[in-house]
Amino acid sequence: QVQLVESGGGLVQPGGSLRLSCAASGMIFSINAMGWYRQAPGKQRESVAHIRNDFRTNYADSVKGRFTISRANAKNTVYLQMNSLKPEDTAVYYCNTEPPRFNWGQGTQVTVSS
């Protein structure tokens, strides 16, 4: 059974940084493209960034230049470094394969507010 466990969220002021982690188990991590997604209150879940098994990356326009996705296959973990955070980045952040194929984890809350 695949498990996705996100961590690293919190409350941060505008312009601040956070690093999210997602530990995956029950899957062959290294062969999968992995993605970060987010869902803000009252909005649909959206893709933020994804990283292929060849380490190529892709970002939503809203986070380009501010967020960096990376992966550590030896640790079955995908990361999201978020810099220059804005209030509109406030959401629950999730990871999954790209495209999403497994049950969603609990997510990690990111709140950007002064």
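Which residues have the most contacts inside the largest nonpolar core? Here is a friendly walk through this predicted model, starting with that point.

1. **The core.** W36, V78, L80, M82 and Y93 are the residues with the most contacts inside the largest nonpolar core, which has 28 residues. Two or more residues each come from strand 3 (18-25), strand 4 (34-39), strand 5 (46-51), strand 7 (67-72), strand 8 (77-82), strand 9 (91-97) and strand 10 (108-112). Strand 3 gives the largest share, four residues. As background, nonpolar side chains in soluble globular proteins tend to be buried together.

2. **The four-stranded sheet.** One open sheet has four strands in the order 1-3-8-7, and its pairing is antiparallel. At its edges stand strand 1 and strand 7; each has a single partner strand, so one side of each is left without a neighbour in the sheet. From one strand to the next, the twist averages 15°.

3. **Bridges around strand 8.** Strand 8 is joined to strand 3 by six bridges, and the two run antiparallel. Six bridges also join strand 8 to strand 7, again with an antiparallel run. If you would like one residue to follow by eye, try T77 in strand 8: T77 is the bridge partner of A23, and A72 stands opposite T77 as well.

4. **Strand 7 and its hairpin.** Strand 7 shows two faces: F67, I69 and R71 make up the covered one, while T68, S70 and A72 make up the uncovered one. Strand 7 and strand 8 form a hairpin with four residues between the strands, and in this hairpin N76 takes a positive phi near 50°. That torsion is one to look at if you go through the backbone angles.

5. **Strand 1, seen from V5.** V5 is found in strand 1, which covers residues 3-7. With a relative accessible area of 43%, V5 is partly exposed. Leaving aside residues up to four places away in sequence, V5 touches S21, C22, A23 and Q106. For a sense of scale, the C-alpha atoms of V5 and N53 are separated by 20 Å, and these two residues are 48 apart along the chain.

6. **The six-stranded sheet.** What is the strand order in the open sheet of six strands? The order is 2-10-9-4-5-6, with mixed pairing. Strand 2 (10-12) and strand 6 (57-59) are the edge strands, and each pairs on one side only. Neighbouring strands in this sheet are turned by 25° against each other on average, with direction ignored. Inside the sheet, strand 4 and strand 9 run antiparallel and are joined by six bridges; G35 stands opposite N96 of strand 9.

7. **Aromatic pairs.** How many aromatic pairs does the count give? The count comes to two. In one of them, the ring centres of Y37 and W104 are 5.2 Å apart and the planes stand at 85°, so this pair is edge-to-face. Y37 lies in strand 4 and W104 in the loop between strand 9 and strand 10, so the pair ties together parts that are 67 residues apart in sequence. Y94 and W104 form an aromatic pair too, also edge-to-face, at 5.8 Å centre to centre with 70° between the planes. Here Y94 lies in strand 9, and W104 in the loop between strand 9 and strand 10, so the parts tied together are 10 residues apart in sequence.

8. **The ring cluster and its exposure.** Through these ring pairs, Y37, Y94 and W104 are linked into a cluster. Are its members buried or partly exposed? Y37 counts as buried, at 5% relative accessibility, and Y94 counts as buried at 12%. W104, at 31% relative accessibility, counts as partly exposed.

9. **Charges over rings.** Y94 has a further partner to check: the charged end of R45 sits over the Y94 ring, 4.5 Å from its centre. Elsewhere, R19 lies over the face of Y79, at 4.0 Å from the ring centre.

Note on methods
Residues are numbered from 1 along each chain as its sequence is written. This is a predicted model: local features need pLDDT of at least 70, side-chain atom pairs count only at pLDDT 80 or more; totals for chains, interfaces and linings use all residues. Side-chain values use heavy atoms; hydrogens and water are left out. A nonpolar core is a set of buried Ala, Val, Leu, Ile, Met, Phe, Trp, Tyr and Cys residues joined through side-chain atoms within 4.5 Å. Buried means under 20% relative accessible area, exposed over 50%, partly exposed in between (1.4 Å probe, protein chains only). Two strands pair if DSSP finds at least two bridges between them. Axes are lines fitted to C-alpha atoms, for helices over the stretch in contact, and angles run from 0 to 180 degrees between N-to-C directions. Rings of Phe, Tyr and Trp (its six-membered ring) pair if their centres lie within 6.5 Å; planes under 30 degrees apart count as stacked, over 60 as edge-to-face and the rest as tilted. A charge sits over a ring if NZ of Lys or CZ of Arg is within 6 Å of the ring centre and within 35 degrees of the ring normal. Contact means heavy atoms within 4.5 Å.
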